Amino acid sequence: MIDPTDPDADPRAVVVAGRTIAMDRLAARDRSRGELLDALARRKFPEDVAHVVVDQLESEGLVDDERFARLWVEQRGRAKGLARSVLRMELQRKGVAPEVIDVVLADVDPDLERQAAHRLVQRKLRSVGGLDQSVQVRRLTAMLARKGYAPQVAFDVVRAELDAEHVAIEST
């Protein structure tokens, strides 16, 4: 393997080595520009070489931060039930530009986000069902807070689900 810090190394060979590392990362899953630049920096590639490599991959359509962010939001929002605030923080950590994050998160439907909160609470109700109602409220709202839901949304959703469960128990 070529040492990217070696001043005598062929610049083209250093770019090829950087591209190989970036392509290996992309083979596992889609990556943001920031993730690839960080990976190359950790491997001691000069910043200018890292930018050349990532710019090439971007021009070839292999790196697209908006596509990456949309996929990330779709997968993490659906699988984990994460709210926009947590998704924003995750995308920022991945090195996605704030304007790209804003565009992608603007497309998140608040009603679908609230429905996801309801599903999370319904699932969690099974494990807290035998507890005192104040404990249930505390645990359920804390779970939604960790997922990034605003306090008022969390309390409204928990209250609605607990009321619905109470009505269901009385009718049986």
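Is Arg-84 buried, partly exposed or exposed? Arg-84 turns out to be partly exposed, with a relative accessible area of 28%; here buried means under 20% relative accessible area, exposed means over 50%, and partly exposed is whatever falls in between (1.4 Å probe, protein chains only). The model is a predicted one, so local features need pLDDT of at least 70 and side-chain atom pairs count only at pLDDT 80 or more, while totals for chains, interfaces and linings use all residues. Residues are numbered from 1 along each chain as its sequence is written, and side-chain values use heavy atoms, with hydrogens and water left out.

Arg-84 is a handy way into the salt bridges (a side-chain nitrogen of Lys or Arg within 4 Å of a carboxyl oxygen of Asp or Glu). By that rule the count comes to 13. Arg-84 pairs with Glu-113, and the closest N and O atoms are 3.0 Å apart. This pair links distant parts of the chain, with Glu-113 in helix 7 (residues 110-128) and Arg-84 in helix 5, 29 residues apart. Helices, for the record, are DSSP runs (H or I, at least four residues), strands likewise (E, at least two), and both are numbered from the N terminus. Unlike partly exposed Arg-84, Glu-113 counts as buried, at 14% relative accessibility.

Helix 5 also supplies Glu-90, which forms a salt bridge with Arg-76; the closest N and O atoms here are 2.6 Å apart. Arg-76 sits in helix 4 (residues 65-80) and Glu-90 in helix 5, so this bridge ties together parts that are 14 residues apart in sequence. The acidic partner, Glu-90, is buried, with a relative accessible area of 10%, whereas Arg-76 counts as partly exposed at 24% relative accessibility.

A further bridge brings together the side chains of Lys-94 and Glu-35, at 3.2 Å from N to O. Lys-94 is in the loop between helix 5 (84-93) and helix 6 (98-106), and Glu-35 is in helix 2 (residues 33-42), so the pair ties together parts that are 59 residues apart in sequence. Glu-35 has 13% relative accessibility and counts as buried. The story goes a step further, as salt bridges that share partners join Arg-29, Glu-35 and Lys-94 into one network.

Helix 3 gives a neat picture of a helix with two sides. Its 13 residues should span 18 Å at 1.5 Å a residue, and the end C-alpha atoms are indeed 18 Å apart, which agrees; the expected span is 1.5 Å times one less than the number of residues. Val-49, Ala-50, Val-53, Val-54 and Leu-57 are the buried residues of helix 3. They cover an arc of only 125° around the axis, which puts them on the same side of helix 3; the arc is that of the directions from the helix axis to the C-beta atoms. An α-helix has 3.6 residues a turn, so residues three or four places apart point the same way. What covers the buried residues includes helix 1 (11-28) and helix 2, while the face turned away from the buried side carries the exposed residues Glu-47, Asp-48 and Ser-59.

Positive phi values turn up on either side of this helix. Lys-44, in the loop between helix 2 and helix 3 (47-59), has phi near 70°, a positive value in a residue other than glycine. Lys-44 counts as exposed, at 56% relative accessibility. Just after helix 3, Gly-61 takes a positive phi of about 80°.

Further along, Gln-133 lies in helix 8 (residues 133-146) and is partly exposed, with a relative accessible area of 40%. Neighbours within four places in sequence aside, Gln-133 is in contact (heavy atoms within 4.5 Å) with Arg-159 and Leu-162. The C-alpha atoms of Gln-133 and Leu-162 are separated by 8.4 Å, with their positions 29 residues apart along the chain.

UniProt, in an unreviewed entry, lists residues 19-57 as "domain: RecX first three-helical"; its positions are given in the numbering used here, feature names are shortened, and annotations may be inferred rather than shown by experiment. That span is 79% helix and 0% strand, and its end C-alpha atoms lie 8 Å apart. Residues 64-105 are listed by UniProt as "domain: RecX second three-helical" (unreviewed entry), with 81% helix, 0% strand and end C-alpha atoms 16 Å apart. For "domain: RecX third three-helical" (unreviewed entry), the UniProt range is 115-157, where the chain is 81% helix and 0% strand and the end C-alpha atoms are 9 Å apart.
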